[in-house]
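Got the model open in your viewer? Let's walk through it one selection at a time, starting with an odd little turn in the backbone.

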Amino acid sequence: GADVVRLASRLGWTVFIGYKNGLDRANILAHEVQSWNGKAFPVSFCLDNPNSIEESIDTVAQRGLGLEALVLCASPTPTLASFTKVQKQEFLDQFAVNAISVHRIIVECWKRFFSKTRKGHVIGLLSAAMGPPPAAHMCSYIAGKRAMQAVLECAAIELGKWGLCVTGFSPTYTETPMLTAFPAPMLEMARSERKNGQFLTSREVAQHIVERLENPPQSETYFSVQEIVAP
């Protein structure tokens, strides 16, 4: 998310930085963007509380700047557990963010912004863990991400004909703090299967996202998923 903000703002985009508990980090990032005369504004988005989404979109609308694109890259950290030990709350946490809140954000942005201009672009960050085949011991996370893909597809099939472009990106392991959820031996094995033992960097993923923002498909494509793998 932070690297999307940096790259997009350098290309002239005005960016709204969504955060839950990270107001300090969002402010630091906004000041960083402002240091090169870019424009970025922190906005509270509590995605595990779908009822708060409308208020967050109100905050964006009050800026009077309009909205051209939406990048959905927040997600609860995966809970690693065998299939028989996954808890109900873990599913609820994933679905609240990846399905319900994603739906509410798209609906509110469509009503407030995209439907008026008959254009708009929604980009959702999925995961290569979804498979096929799906990764083991990540059932609730994968179910949440597949639900997110389904929501994106439904948005595209119903709103695409009215100008909404919807894209999904499915990256492999990426060097972010989320990797702390994985046991070290698991990560070591994953690195051994990659060229030079390198995972994707967050900047590499952000570059794919921003390139898509800058060059959306011109043909009528309802939904596509782009894989991102380490070079």
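Start by selecting Arg-118, which sits in the loop between helix 4 and strand 4. Helices here are DSSP runs of H or I with at least four residues, strands are runs of E with at least two, and both are numbered from the N terminus. Check the backbone at Arg-118: phi is near 55°, a positive value in a residue that isn't glycine. Most residues other than glycine have a negative phi, and most peptide bonds are trans.

A quick word on what you're looking at: this is a predicted model, where local features need pLDDT of at least 70 and side-chain atom pairs count only at pLDDT 80 or more, while totals for chains, interfaces and linings use all residues. Residues are numbered from 1 along each chain as its sequence is written, and side-chain values use heavy atoms, with hydrogens and water left out.

**More backbone oddities**

Next, pick Asn-37, in the loop between helix 2 (23–35) and strand 2. Asn-37 also has a positive phi, about 65°, although it is not a glycine. Is Asn-37 buried or exposed? With a relative accessibility of 71%, Asn-37 counts as exposed. The scale runs like this: buried is under 20% relative accessible area, exposed is over 50%, and partly exposed is in between (1.4 Å probe, protein chains only).

Now move to the loop between strand 4 (120–125) and helix 5 (139–159), and click on Gly-131. Which residue does a cis peptide bond join to Gly-131? The partner is Pro-132, with omega at about 10°. Keep going along the chain, and another cis peptide bond joins Pro-132 to Pro-133, with omega at about -10°. Pro-132 belongs to the loop between strand 4 and helix 5, and Pro-133 has its place in that loop too. As for Gly-131, a relative accessible area of 34% makes this residue partly exposed. Draw a distance from Gly-131 to Ile-142: they are 11 residues apart in sequence, and their C-alpha atoms are 8.8 Å apart.

**Into the core**

Time to go inside. Show Leu-72, Ile-106, Phe-114, Leu-152 and Leu-164: these have the most contacts inside the largest nonpolar core, which has 33 residues. A nonpolar core means a set of buried Ala, Val, Leu, Ile, Met, Phe, Trp, Tyr and Cys residues joined through side-chain atoms within 4.5 Å. At least two residues apiece come from strand 2 (39–44), helix 3 (53–62), strand 3 (69–72), helix 4 (88–117), helix 5 and strand 5 (164–171). Helix 4 gives the largest share, 9 residues. Elsewhere there's a second, separate core of 24 residues, with Ala-26, Val-33, Phe-169 and Ile-228 among them.

Now zoom in on Leu-152. Setting aside residues up to four places away in sequence, Leu-152 touches Leu-72, Val-102, Ile-106, Val-122, Gly-124, Leu-126, Val-166 and Phe-223. Contact means heavy atoms within 4.5 Å.

Then hop over to Ile-209 in helix 7 (residues 202–214). Ile-209 has a relative accessible area of 3%, so it is buried. Leaving out neighbours within four places in sequence, Ile-209 is in contact with Val-4, Val-71, Ile-123, Leu-125 and Phe-169. Try a distance to Thr-167 as well: the C-alpha atoms of Ile-209 and Thr-167 are separated by 9.2 Å, with the two positions 42 residues apart along the chain.

**Two charged stops**

Back outside, select Lys-88, in helix 4. Lys-88 counts as exposed, at 67% relative accessibility. Lys-88 and Ser-140 are 52 residues apart along the chain, yet 8.8 Å separates their C-alpha atoms.

Last residue: Arg-6, in helix 1 (residues 2–10). Arg-6 is partly exposed, at a relative accessible area of 25%. Leaving aside neighbours within four places in sequence, Arg-6 is in contact with Leu-29, Glu-32 and Trp-36.

**Zoom out**

Finally, show the whole chain and colour by secondary structure: there are 7 helices and 8 strands. The C-alpha trace spans about 50 × 40 × 35 Å along its principal axes. Of the 231 residues, 44% are buried. And among contacts between residues at least 6 apart in sequence, 76% join residues at least 24 apart.
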